Amino acid sequence: MISEKIENILNEQINKEFYSAYLYLAISGYFDEMGLKGFSHWTRVQAKEEMDHGMILFDYIIERQGKVNLKQIEMPDTDFGTPLDVFKKIYAHEKYVTDSINCVANMTDEECDLATRHFINWYISEQVEEEANVDDIIKKLEMFGEEKSILYHLDKELKERSYKPHTYNS
Ligand code: FEO
């Protein structure tokens, strides 16, 4: 069984993951309006992954005989700007999520909860990958600029992203 402190921090993390899904979905709609179907697809896939992140926490709390408390999800920002602006905002958001996951890890140490510490390690690795993926897109946008022909090619590249569901214990 998990402690109350661990239960609370994991429930807060569920909310942050579902907010992330909302944010990526809002961005996906924005790119769709701009006619950037590949950018839209990439962020929509990310929204699905964020839902998975939330559900893995959800299932873990239940398996550890805790109580799931779903909290209100904030409305995402809608002031996005250019594709480079958007990816810089995404990067800042992912850094915020990384900090939050690190706080969960610290709490498991304080509570001597080795099982949750082991569980949260997956999220630590996932954040490394997510920050790197977003940084890669930012670097391309900074290196090649945001002219239409460049965006066209990057849009085609981002359209190739496939979705592979993440689930707890699989
Ligand atoms: Fe689930 Fe993008 O952090």
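Start by selecting I124, which sits in helix α4, the stretch covering residues 114-144. Keep in mind as you look around that this is a predicted model.

Now colour I124 by accessibility. Its relative accessibility is 25%, so I124 counts as partly exposed; the buried class is reserved for values under 20%.

Next, show the side chains around I124. Leaving aside residues up to four places away in sequence, I124 touches I101, A105 and R117. For a longer view, add A47 to the selection and draw a line between the two C-alpha atoms: I124 and A47 lie 18 Å apart in space, with their positions 77 residues apart in sequence.

Time to zoom out and switch to cartoon. You will find five helices and zero strands in the protein chain, and following the sequence gives the pattern α-α-α-α-α. The radius of gyration is 17 Å, close to the 15 Å from the globule rule for 170 residues, so the protein chain is as compact as a globular protein of that length. If you draw a box along the principal axes, the C-alpha atoms fill roughly 55 × 30 × 25 Å.

Turn on the contacts across the whole chain. Among those between residues at least 6 apart in sequence, 82% join residues at least 24 apart.

Finish with the surface. The protein chain exposes about 9400 Å², and carbon and sulfur atoms supply 54% of that area. Of its 170 residues, 44% count as buried. As a last stop, select the charged residues: there are 19 positive and 33 negative charges, and the mean positions of these two sets are 3 Å apart.

Methods. Residues numbered from 1 in each chain as written. Predicted model: local features only at pLDDT ≥ 70, side-chain atom pairs only at ≥ 80, totals over all residues. Heavy atoms only, no water. Helix = DSSP H or I, 4+ residues; strand = E, 2+ residues; numbered from the N terminus. Buried < 20%, exposed > 50% of the residue type's maximum accessible area, 1.4 Å probe, protein only. Contact = heavy atoms within 4.5 Å. Rg over C-alpha atoms; globule rule 2.2 N^0.38 Å. Areas by Shrake-Rupley, 256 points an atom, 1.4 Å probe, with all protein chains shown as cover. Lys, Arg positive; Asp, Glu negative; His and termini not counted. Charge placed at Lys NZ, Arg CZ, Asp CG, Glu CD.
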